[in-house]
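Q: Could you walk me through the ligand site in this one? I'd like to start with the polar contacts and then move outwards.

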Amino acid sequence: MSTTLSPAPKSANEVDVKHTECFIDGKWVPAASGKTFATLNPATEQEIAQIAEGDAADVDAAAKAARHAFDAGDWPKMDARDRGRLLYKLADRMEQEIHALAALETLDNGKPLNDSLAADLPLAIDAIRYYAGYADKLHGSTIPIRGNYLCYTRREPIGVAGQIIPWNFPLLMLAWKWGPALAAGCTVVMKPAEQTPLTCLRMAQLAKEVGFPDGVINIVPGFGPTAGAACVKHPLIDKIAFTGEHRTAQIITRDSAETLKRLTFELGGKSPNVVFADADMDAAVEGAYIGLFLNQGQCCCAGSRVFVEKSCHDEFVEKLTALTMKRKVGDPFAEDTQQGPQVDKAQFDKIMSYIDKGKGEGAECVTGGDRVGDTGYFIAPTIFDNVQDDMSIATDEIFGPVMSVLTFDDKEDMIRRANNTFYGLAAAVWTRDISNAHDFAARVRAGTIWVNCYDVFDAAAPFGGFKMSGYGRELGEEGLKPYTESKTVTVKL
Ligand code: NAI
Ligand code: MG
């Protein structure tokens, strides 16, 4: 295999869109209906390409291919070490294509190319490699039961995994879902988000080229209520892994009742990021800034409620505002851009409506608050100060570059307020007092707690939500469990 890297595109015009069809049973095919939909460049609002609009008929074909590859094919039965080797090869191939994949992600999603290259791609490659190493390390146990028996468990793949991913980290969410599913020996039907199908389609081709058997990976691009819902309802699909909005997860729960699918959900958040006066103030400012503005604020774990201890509030807000005002918003392909456009008009409109609500509810907009330019879905990084707990900007997931700063002076009260949300995805605390930090970590009800840091992700560290932020965990050893069934075998001796 050659080790030459793909060339680095420097603008949207240089990006090569290679695949626009459904990928079913190892072949590129148009949607059965012949329909297509446009995927747009959010920086220009221009169409990039027409994509096959899969629906129930295409999901049916994909589910049958995945079922056949699972029931009759070699995939779940092959030497687990060889499955791992294919995943390693896929990771190597992604590394060779890193510039092309990063540019494709930036073109379709709008995130700065620097971020795609520095974060999305390395994290995605790491997740595939991490799970490649797990393929041959999944095993059961022997159990001493009463009587003269040999009793043991086997961990077997769950079957066909339906995977529905969002648009905020398209390639990374693919990697978090393909890695454990394929390592465990499952086959996959994936529906990428309608806003960002391009990297997922490219990945299907790379998987084919490195030797994944036909039917193991199938991609049906299309919309949620049609293609997505068809995956959820299909009787040949055993499990749904979903990342997106909690309201969609509620629909999926209802739609999956008939076939009793196994479900894992990674949903939204309104994560508290708490700054005590004894913290390293510059680090806390930087952490609040990254924790919210990363990825145009389109992060499930965004630190969107920043609680600041009263005695350091003024210094904190002053420093944070100064840093935020320097944030460079613009062409995601430009070298110095730190923030690109929001993913689409619907998200742009939703965020602008929350900015209006924040102003209307009496919060103080200390910077931002407006659209940037008149083409593309760009929004100025926005900070609201003096936010009260019951304002909609403090309760609702905005999923954009809008931060709410709240003040506290009593720790007990702050913990109660931090937990006073139906979400529970992540939380962070900034303090030099280790007892305080661990106390916070134990008492805030969220799946991830960061202490003196934010957005630290690793393929080995489980990630997921408490409460309405989801159930099940992705990443780490815990991330494999939802892709396996445990079988108990008892032998009379
Ligand atoms: P969404 O939950 O509707 O979309 C996520 C994925 O689910 C997409 O692939 C979509 O096509 C699919 N989907 C939609 N309806 C479906 C259905 N009935 N059955 C099966 N699949 C379905 O999220 P959307 O509409 O893109 O964004 C709305 C809000 O959701 C955002 O503003 C944000 O607050 C939140 N969100 C949270 C994400 C996270 O990472 N936790 C990611 C994306 C959105
Ligand atoms: Mg939706």
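Q: How far is the polar side-chain atom of lysine 350 from an oxygen atom of ligand 1?
A: In this predicted model, a polar atom in the side chain of lysine 350 lies 2.6 Å from an oxygen atom of ligand 1.

Q: And what about glutamate 397 and leucine 267?
A: The side chain of glutamate 397 places an N or O atom 2.7 Å from an oxygen atom of ligand 1, whereas with leucine 267 the contact goes through the backbone, a polar atom of which is 3.0 Å from a nitrogen atom of the ligand.

Q: How much of ligand 1 does the protein bury?
A: Taken alone, ligand 1 exposes 810 Å², and the protein buries 91% of that area.

Q: Which pocket does ligand 1 sit in?
A: Ligand 1 occupies the largest pocket, and the elements that contribute two or more residues to its shell are helix H7 (224-233), strand E10 (239-243), helix H8 (246-255) and helix H11 (345-360).

Q: Which of those gives the most?
A: Helix H7 does, with three residues in the shell around ligand 1.

Q: How many residues surround the ligand, and which are closest?
A: There are 27 residues around ligand 1, the closest being Trp167, Glu194, Thr248, Lys350 and Glu397.

Q: What's the chemical make-up of that shell?
A: It divides into 12 nonpolar, nine polar and six charged residues.

Q: Last one: which domains does the shell draw on?
A: The shell around ligand 1 takes at least three residues from domain 1 (12-268 + 470-492) and at least three from domain 2 (272-451).

Technical notes:
Residues numbered from 1 in each chain as written. Chains lettered and ligands numbered in written order. Predicted model: local features only at pLDDT ≥ 70, side-chain atom pairs only at ≥ 80, totals over all residues. Heavy atoms only, no water. Near = heavy atom within 4 Å. Polar contact = N/O pair within 3.5 Å; in protein donor to acceptor, adjacent residues only side chain to side chain. Areas by Shrake-Rupley, 256 points an atom, 1.4 Å probe, with all protein chains shown as cover. 1 Å grid on protein atoms, 1.4 Å probe; cavity = no way out; pocket = protein on both sides within 12 Å on 5 of 7 lines; lining within 4 Å. Sits in = over half its atoms within 2 Å of the grid points. Helix = DSSP H or I, 4+ residues; strand = E, 2+ residues; numbered from the N terminus. Nonpolar A, V, L, I, M, F, W, Y, C, P; charged D, E, K, R; others polar. Domains from an automatic or database assignment.
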